[in-house]
Amino acid sequence: MTHESDERRLTVQAPGGRVLDVLVSGPEDGLALVFHTGTPSGLVGLGPMVGEASARGLRTVSYSRPGYGTSTPQPGRLVADAAADVEAILGELRVDEFVTAGWSGGGPHALACAALLPVRCLAAATIAGVAPSDSPGLDWLAGMGEENVAEFAAANAGEAELTSFLAEPAAEMRDISAAGVADGLGGLVSEADKAALTGEFAEYLAAAFRAALSTGIGGWRDDDLAFSRDWGISLEALGHATPVAIWQGDQDRMVPASHGEWLAASIPLARARMRPGQGHLTLMANSFGEILDDLLSLGGKTRS
């Protein structure tokens, strides 16, 4: 298992003179797993899940997206822009090939890396990841908890409206404790997810939320705005270039099952990993090892 002493934090130069805060853990010679955190989420590694990655010989690479922590803001950024940032990080680490996964708001950014860094990206997985907001035939807000419906309505109204809206939830989450996570998420957590909010996993989420808001709402706001505009990638091209798995539970009130179903149907050759009884949090808390094994298999790698 990887311990805290195995973690290495570094600053990487990104396009446009920006800097990115990066965290690396696990074996130096391991296959790189580029993990994209959710929204909002700060840079606290993979918490209790890091052992699953290390047990498979994976070198976990995560970073604060622009506007989170000390990563330079990038106003107007697109989901697609994540690929150039990841390319800069891989260059700094002298990494050639990698696999990638993204949870929740990280899902689109994992798909961007798969689409725009083909060949180097061996496989990608979205874990309860959102679909594009303009997805044909998808009622994007249907099934979401009322908190998310209100948040994305504000995002669709523009940056000023979203900035104002996020002030209250950000104030609540800035100092959130593990014991307060379930109440803080309110109607966004199903009964299945509430059951997962214990011990190290609850501590991990609370720490990620606190880190996300440590320097303000910029990262959270710009994530939401990026989801509300065109992603800048072709899902059609993606499916033919890189193997993709879509993991989704049917007890998810943050990103409803319809998002996963739409992605699985719209990305050519995508592998649908629909899990009855699973929620938004349980996929990470209870199934991360299975997800990694599947990702390695898709990428033509065996467990180390």
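Q: Are Trp140 and Phe152 buried or exposed?
A: In this predicted model, both Trp140 and Phe152 are buried. To earn that label, a residue has to come in under 20% relative accessible area.

Q: How many aromatic pairs does the rule give?
A: The count comes to four. Ring centres have to lie within 6.5 Å of each other to make a pair.

Q: Why is the pair of Phe35 and Phe288 called edge-to-face?
A: The ring centres of Phe35 and Phe288 are 6.0 Å apart, with 90° between the planes. Pairing asks for centres within 6.5 Å and edge-to-face for planes over 60 degrees apart, so both tests are passed.

Q: What makes Phe35 and Phe288 a pair that ties together parts of the chain?
A: Phe35 sits in strand β3 (residues 31–36), while Phe288 belongs to helix α12 (residues 282–298), so the pair bridges parts that are 253 residues apart in sequence.

Q: Why does Phe35 count as buried?
A: Phe35 has 1% relative accessibility, and the cut-off is under 20%, so Phe35 is buried.

Q: And why does Phe288 count as buried?
A: The value for Phe288 is 2% relative accessibility, so it goes in the buried bin too.

Q: Why is the pair of Trp140 and Phe152 edge-to-face?
A: Their ring centres lie 4.8 Å apart and their planes are at 90°, so edge-to-face is the right label.

Q: Where in the chain do Trp140 and Phe152 come from?
A: Trp140 is in the loop between β6 (121–127) and α4 (146–157), and Phe152 is in helix α4. The two are 12 residues apart, and their pair links distant parts of the chain.

Q: What links Trp103, Phe201 and Tyr204?
A: Ring pairs do, and they turn these residues into a cluster.

Q: How do you know that the chain agrees with a compact globule?
A: For 304 residues, the globule rule puts the radius of gyration near 19 Å; the chain has 17 Å, which agrees. The C-alpha trace spans about 45 × 40 × 40 Å along its principal axes, and buried residues make up 59% of the 304.

Q: Which residues of helix α11 are buried, and what covers them?
A: In α11 (residues 257–266), the buried ones are Ala257, His259, Gly260, Trp262, Leu263 and Ala264. Their cover includes α3 (107–116), β6, α10 (235–241), β7 (244–249) and β8 (271–275).

Q: Why does Arg65 count as buried?
A: With 3% relative accessibility against a limit of under 20%, Arg65 is buried. Arg65 is placed in the loop between β4 (58–63) and α2 (82–93). Setting aside neighbours within four places in sequence, its contacts include His36, Thr37, Arg77, His109 and Asp223.

Q: Why is Asn148 buried?
A: Asn148 has a relative accessible area of 10%; the limit is under 20%, so the label holds. Asn148 is part of helix α4 and touches Leu188 and Met254, residues up to four places away in sequence not counted.

Q: How many positive and negative side chains does the chain have?
A: There are 20 positive and 39 negative side chains, and the centres of the two sets lie 6 Å apart.

Terms used. Residues numbered from 1 in each chain as written. Predicted model: local features only at pLDDT ≥ 70, side-chain atom pairs only at ≥ 80, totals over all residues. Heavy atoms only, no water. Rg over C-alpha atoms; globule rule 2.2 N^0.38 Å. Buried < 20%, exposed > 50% of the residue type's maximum accessible area, 1.4 Å probe, protein only. Lys, Arg positive; Asp, Glu negative; His and termini not counted. Charge placed at Lys NZ, Arg CZ, Asp CG, Glu CD. Phe/Tyr/Trp six-rings, centres within 6.5 Å; stacked < 30°, edge-to-face > 60°. Helix = DSSP H or I, 4+ residues; strand = E, 2+ residues; numbered from the N terminus. Contact = heavy atoms within 4.5 Å.
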